[in-house]
Amino acid sequence: MPLLFFIDKDVLEDPACRNLDDIVLSYTFFKWVFFLVICIAIVTEVLTLRALRARRNAQGQLEPDAPEDKVLASQGWSEVKFAPKTQA
């Protein structure tokens, strides 16, 4: 089974990679059925996310489509009590 790894040439110009001597390439082989289940899950997720795209507010910043309590919980703020919001 052929594998293709692509390493961006910008790595050569990146200051953080200046002393880089080795690059470790890693891959895992899965059974075909497991791979098929993963592919179906990814396609389902992509189709679901396509319907839930983020939108831009008046300032041009991205806003999530999820309710605010879900967004705060995903960021670890679910237990913190906030002051009530006021309209600007």
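The following exchange concerns a predicted model of a single chain and the reasons behind several descriptions of it.

Reader: What makes up the secondary structure of the chain, and in which pattern?

Author: The chain has two helices and two strands. Along the sequence they follow the pattern α-β-β-α.

Reader: Why is Phe-5 called partly exposed?

Author: The relative accessible area of Phe-5 is 37%. Buried means under 20% and exposed means over 50%; Phe-5 is therefore partly exposed, as its 37% lies in between. Phe-5 is placed in the segment before helix H1 (32–51).

Reader: Why is Leu-25 described as partly exposed?

Author: Leu-25 has a relative accessible area of 45%. This value falls between the limits of 20% and 50%, so Leu-25 counts as partly exposed. Leu-25 is also found in the segment before H1. The C-alpha atoms of Leu-25 and Phe-5 are 7.8 Å apart in space, with the two positions 20 residues apart in sequence numbering.

Reader: What makes Phe-5 and Leu-25 eligible for the nonpolar patch on the surface?

Author: A patch residue needs over 30% relative accessible area. Phe-5 has 37% and Leu-25 has 45%, so both pass that cut-off. The patch consists of Leu-3, Phe-5, Ile-7, Leu-20, Ile-23, Leu-25, Tyr-27 and Phe-29, and together they have about 770 Å² of accessible area.

Reader: Which residues form the patch of negative charge, and why does Asp-8 pass the accessibility cut-off?

Author: Asp-8, Asp-10, Glu-13 and Asp-14 gather in this patch on the surface. Asp-8, which lies in the segment before H1, has a relative accessible area of 40%. Since over 30% is required, Asp-8 passes the cut-off.

Reader: How many disulfides does the structure hold, and why are Cys-17 and Cys-39 not called buried?

Author: A search of the whole structure finds zero disulfides, that is, no pair of cysteine sulfur atoms within 2.5 Å. Cys-17 has a relative accessible area of 24%, and Cys-39 has 29%. Buried requires under 20%, so both cysteines count as partly exposed.

Reader: What share of the chain counts as buried, and what supplies its exposed area?

Author: Of the 88 residues, 2% count as buried. The chain exposes about 9,100 Å², of which carbon and sulfur atoms supply 60%.

Methods:
Residues are numbered from 1 along each chain as its sequence is written. This is a predicted model: local features need pLDDT of at least 70, side-chain atom pairs count only at pLDDT 80 or more; totals for chains, interfaces and linings use all residues. Side-chain values use heavy atoms; hydrogens and water are left out. Helices (H or I, at least four residues) and strands (E, at least two) are DSSP runs, numbered from the N terminus. Buried means under 20% relative accessible area, exposed over 50%, partly exposed in between (1.4 Å probe, protein chains only). Accessible areas come from the Shrake-Rupley method with a 1.4 Å probe; for residues, only the protein chains shown count as cover. Patches are made of residues with over 30% relative accessible area and no salt bridge: like charges are joined within 9 Å, nonpolar side chains (Val, Leu, Ile, Met, Phe, Trp, Tyr) within 5 Å. A salt bridge is a side-chain nitrogen of Lys or Arg within 4 Å of a carboxyl oxygen of Asp or Glu. Lys and Arg count as positive and Asp and Glu as negative; His and the chain ends are not counted. The place of a charge is taken as NZ of Lys, CZ of Arg, CG of Asp or CD of Glu.
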